[in-house]
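This report describes selected elements of one protein chain for a reader working at the bench. Please consult the sequence and the model alongside the text.

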Amino acid sequence: MLNKSNILILIFCFMAAPFMGCVDGKRDNPYDSEGINYQPPVINDGNTYYTFVNDTITIECSVTPGNAPIKNYIWFINEDYRKTIVETTTVPQINIAIKDSATKYYSVVAIDTLGISSRENASYSSLIKVFVNTGTPTIDHMINKDSVAIFDSVSFRIIAHDTNGTISKYVWALNGKDYLDTSLSNTPIFVLFYEGRRTIAVKAIDDDGLVSKPFYDTIIVSRIKKSLPTVPNDKDSVIASRPTLRWNHNPYSTNYEIQITSDTISAKHITTTSKQNYIYSPIALNGASQYFWRIRAFRNNDTMYVSAYKSLFTKPPSGMSRLDSGNTSMGSTIGCTYCSIDEAPLRNIYLSPFWIDSTEVTIQSFIELTAIDIRLRDYPVCFCNTDKYPAHHVTWYESVLYCNARSKRDNLDTSYTYSSMVSDSGYVISLVNLTFYPFKKGYRLPTEAEWEYAYKKPSQNRYYYWSFNEPTDSNSIKYAWYNRSYVNAIQPIRQKTSNAAGLYDMAGNVLEWCNDYYKEYSGNYLHNPLGPETGTKKVLRGGDWSGALHDLRSTKRFSDVPMQKHGTGYGFRVVLPDN
C-alpha cells in the first residue's frame, strides 16, 4: 500500500532520471548503481620543463580520475596549429628525445576503463611546455703570440666551455674563413705560411655535434731572411749534369715549382714541378758553369713561399770521360778470326750518354772507400804506390760496395741496395737481397754494352781500338799489357797509350768486372741493354797482363762467379749515368 512518502519518492525519480543516469544506459556506472555521480577524468594544470638539444626528457601529467580508473594516456605535440599523436602510454608520463632548439608544446588526453575520456571535461588537456636550450659550446678566449716568423711553429690555447656535454674537437681557419684544419686538443701547434697580419678563426664542436660561434683573433707573421734548407748548399759544386735538388718538405705544401737560371738579373727560368721534396735538374747543366735555383712552395694554387736563390757550380766528375749517346753494334759475326761463339750474333744497340773512369780503380781509392785492405790478400803485387796500381783480387760484390761508397762520398744516389753482406776469410762473397737501379744518379759497374762501346772509341767497327785489322805485337805493346809485354805481374796505370776517348788500359793489365750476368746474346735491337736478369756468373772484359793478343779484342768475353776469391787479376772501373 502506497503511503504519501512513497508516492513523493517515485515522482522525484521519474522527473530526475534523465539527469542522474538512472535510465540512460551510456551513463551506467558500476561504481555508482544509483547513477547519481557521473564524472569523466580531469587533466590538471600542465607543467613547464627545461632541457637541452639532444637530451631525453621525461614529462608528466596530473590526472584526477572520474568514475573509473585511467586505462590510457594519449600524448600530442602541438605544432603549426595541429595536434599530432606522439605516443600512447598506460602511465601518466612519456620520454621524449629533443632534436632541435624550438620550444615544444605537448597535451594529453586520459581515457578510463569505461572508455570515457577527459575530452568530456571542459579543461581536458592542459598544455605542457618544454623550453629547449641549444647548449652549444662557447669559446671564451684564445691565447697566442702576438707575432711569429713565417714557417715557425706557433701554439694556440683555447679556453671554452660546454653547458651540456663535452667539447670533442676544434676546427680552425688559419686564413680566417676556410676551416681546413682540425685539432682534438685545445692547444694545437700550427705552422703559418703567409706573411702579414693574419686572422685566425676557430669553432668548438661538442659531443652532440653542436658548433659554437666562431672566435677570431689576429697574429702578425713576419718574413724570415733565411731560405728553405736545400741540397746542394749555397755555392756547392756538383758533378752531375742533372744534379738532384732537395729541400725540406713542409706538410702543408701540396706541390713545388723549381726554377733554374744562369742569370738572376734577366731571370730566364727553366721551371719544373714536383710533389716530392726532391727532383733532378730539369735541364742538363753544362760543366764548369754557375747556376742559380730556388723553390716556390704552393698550397693548392696559392703561393705560400718563394725561397732565396742558391747558387751551384757544375764540374765534370773527377777522373772520368764522357761518352755521348749513340747507336752502335755489339758482338761479332760468326766465323771471324779468333771469335768465340758466345760473341755472336752481331746486334744493334742504343746507349744513353754516360761517364766512365779513365783508368781502373786504384788500390788506394778502393781501400779508402771500402775499408777492405786488399794488400793483405794471398797474392799482393806491392805495398807501395797504391795510388798507381789498379785494385785487383777483388770479388764482384766488393766492386759493388765500392760503387755505393763512392756515390755517398759525392752526395749521389746509390745504384745498389742490399740488406746484409756475407764474408768469408776476409772476402765479401754475397750481398743479401741485392737490387740494382741502373738509371739512378750514382756510380755503378758498366754494363757489358757500355764497356764495349767505350772500348771501341773512336770507331765502333774495330776489334782493337788501335787497329782495324789484326795488329802486330810491335804495334800492340804501345797500347796494352799482355803476354808479349814480357812482364810477370800487374803494372801501374796510365803507362800505355789511351784510346780516342781518353781511356787507359781498356785492353790488358787486369780483367774488368761488368754488371751483367753472363749468357749468350740474342739478336734483337736493344735500348740500353742490361743483360740477363739472373745467372750464376758475371761478365769480365778486356784481357789481362798474362793473356794472348787476341784476348784483348773488343768483343772477347770472359766470365766467373761473382764471389770468386782467387781472381788475382780481376779489377774494375765504374760509370756514372749522364741522364
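Two strands are taken to pair if DSSP finds at least two bridges between them. By that criterion, β8 and strand β9 (residues 128-133) pair in the antiparallel sense, over three bridges. The model under discussion is a predicted one.

**The chain as a whole**

The protein chain contains five helices and 41 strands. Of its 579 residues, 46% are buried. Among contacts between residues at least 6 apart in sequence, 67% join residues at least 24 apart. The mean pLDDT of the chain is 82, and 83% of the residues reach 70 or more. Over residues 4-28, however, pLDDT stays under 50, and for this stretch the model has 13 contacts beyond four places in sequence.

**The sheet around β8**

Strands of a sheet pair through backbone hydrogen bonds, in either a parallel or an antiparallel sense. Here, five strands form an open sheet in the order β2-β9-β8-β5-β6, with mixed pairing. The edge strands, each pairing on one side only, are β2 (48-52) and β6 (82-89). From one strand to the next, the twist averages 30°.

Strand β8 (residues 104-112) is largely enclosed by the rest of the structure, because seven of its nine residues are buried. Strand β5 (residues 70-79) runs antiparallel to β8 and is joined to it by seven bridges. Individual partners across these pairings are listed below.

| Residue | Opposite residue | Strand of the opposite residue |
|---|---|---|
| N72 | I111 | β8 |
| Y106 | I128 | β9 |
| K104 | V130 | β9 |

**Helices α2 and α3**

Two packed helices are described by the angle between their axes and the distance between the axes. For helix α2 (residues 363-370) and helix α3 (residues 396-409), the axes come within 9 Å and cross at roughly 75°. This crossing angle makes α2 roughly perpendicular to α3, since angles of 65 to 115 degrees are classed in that way.

On the α2 side, the contact involves S365, F366, L369 and T370, which meet E398, L401, Y402, A405, R406 and R409 of α3. By class, this contact has five nonpolar, two polar and three charged residues.

The buried residues of α2 are I363, S365, F366, I367 and T370, and what covers them includes α3. S365, F366 and T370 thus appear both among the buried residues of α2 and in its contact with α3. Just after α2, A371 takes a positive phi of about 60°.

**The surroundings of G542**

Is G542, in the loop between β38 (538-541) and β39 (558-560), buried or exposed? At a relative accessibility of 2%, G542 counts as buried, because the cut-off for that class is under 20%.

Leaving aside neighbours within four places in sequence, G542 is in contact with W451, M506, A507, G508, L511, D551 and L552. The C-alpha atoms of G542 and R553 are 7.3 Å apart in space, while the two residues are 11 residues apart in sequence.

**Summary**

In this model, β8 is largely enclosed, with seven of its nine residues buried, and pairs antiparallel with β5 and with β9. Helix α2 lies roughly perpendicular to α3, and G542 is buried in the loop between β38 and β39.

Methods:
Residues are numbered from 1 along each chain as its sequence is written. This is a predicted model: local features need pLDDT of at least 70, side-chain atom pairs count only at pLDDT 80 or more; totals for chains, interfaces and linings use all residues. Side-chain values use heavy atoms; hydrogens and water are left out. Axes are lines fitted to C-alpha atoms, for helices over the stretch in contact, and angles run from 0 to 180 degrees between N-to-C directions. Helices (H or I, at least four residues) and strands (E, at least two) are DSSP runs, numbered from the N terminus. Angles under 35 degrees count as roughly parallel, over 145 as roughly antiparallel, 65 to 115 as roughly perpendicular and the rest as oblique. Contact means heavy atoms within 4.5 Å. Ala, Val, Leu, Ile, Met, Phe, Trp, Tyr, Cys and Pro count as nonpolar, Asp, Glu, Lys and Arg as charged, and the others, Gly among them, as polar. Buried means under 20% relative accessible area, exposed over 50%, partly exposed in between (1.4 Å probe, protein chains only). pLDDT is the predictor's confidence in each residue, from 0 to 100.
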